[in-house]
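Dear colleague,

I am handing over the structure below, and my notes on it follow. Please read them with the coordinates open beside you.

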Amino acid sequence: MLMRTDPFRELDRLTHQMLGNVPGTWSRPTAMPMDAYRAGDEFVVSFDLPGVAADAIELDVERNILTVKAERRPAHREENIEMQVSERPLGVFSRQLFLGDTLDTDHIKASYEAGVLTLRIPIAEQAKPRKIAIESSESRKEIST
């Protein structure tokens, strides 16, 4: 009901993991890790983006495709700094989720705290279970003699 991801992006992510940290570019972004679960009447999706500034995150929904893009830039841009260890991958990260028709894409909420982007996607009203009233025909019976 929630979504599926693009299988080719997953293959790219696995290739990057096996071949080492290749920085992503805007034309070939690296996939970002995520968790997704249902909590009551909404789906919650969390993306790990430590070290990414909030203004470097783009979030778009077109039709039922949710796209998250983020760019991790070097922390220090001064010329006199000589980096000793640099293990955090830099570059562009992206993930696309194909949302089901039963989700309300007009009311997605996003928050970013401690390097985690959290999206809350509500289930559309028409997709929620509802009770249907049953009318009884016994109240309309006529007595004939």
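**Threonine 67 and its surroundings**

The side chains of threonine 67 and glutamine 96 are joined by a polar contact of 3.1 Å. Please bear in mind throughout that this is a predicted model, and that the distance was computed from its atoms. Threonine 67 belongs to strand 5, which covers residues 65-72, and its relative accessibility is 16%, so that with the cut-off for burial set at under 20% this residue counts as buried.

Valine 68 is likewise found in strand 5, and because its relative accessibility is 0%, valine 68 also counts as buried. Between valine 68 and leucine 97 there are 8.6 Å in space, taken from C-alpha to C-alpha, although the two residues lie 29 residues apart in sequence.

**Overall make-up**

The protein contains one helix and eight strands, and, read from the N terminus on, its elements follow the order β-α-β-β-β-β-β-β-β. Of the 145 residues in the protein, 28% are buried.

**The four-stranded sheet**

Four strands, in the order 2-3-8-7, form an open sheet in which the pairing is antiparallel. The edges of this sheet are strand 2 (34-39) and strand 7 (109-113), each of which pairs on one side only, and from one strand to the next the twist averages 15°. As general background, the strands of a sheet pair through backbone hydrogen bonds, in either a parallel or an antiparallel manner.

Within this sheet, strand 3 (residues 42-48) and strand 8 (residues 116-122) are paired in the antiparallel sense over seven bridges. If you would like a place to begin when you inspect that pairing, which residue of strand 8 stands opposite aspartate 48? The residue in question is valine 116.

**The second largest pocket**

As you may wish to look at pockets too, I add what was computed for one of them. The second largest pocket holds about 210 Å³ of space. Twelve residues line this pocket, and those closest to its centre are Pro74, Ala75, Met83, Arg88 and Leu90. Sorted by class, the lining of the second largest pocket comprises five nonpolar, three polar and four charged residues.

With best regards

Notes
Residues numbered from 1 in each chain as written. Predicted model: local features only at pLDDT ≥ 70, side-chain atom pairs only at ≥ 80, totals over all residues. Heavy atoms only, no water. 1 Å grid on protein atoms, 1.4 Å probe; cavity = no way out; pocket = protein on both sides within 12 Å on 5 of 7 lines; lining within 4 Å. Points joined across faces, edges and corners; volume = space filled by probe spheres on them. Nonpolar A, V, L, I, M, F, W, Y, C, P; charged D, E, K, R; others polar. Pairing = 2+ DSSP bridges. Helix = DSSP H or I, 4+ residues; strand = E, 2+ residues; numbered from the N terminus. Axes fitted to C-alpha atoms, helices over the stretch in contact; angles between N-to-C directions. Buried < 20%, exposed > 50% of the residue type's maximum accessible area, 1.4 Å probe, protein only. Polar contact = N/O pair within 3.5 Å; in protein donor to acceptor, adjacent residues only side chain to side chain.
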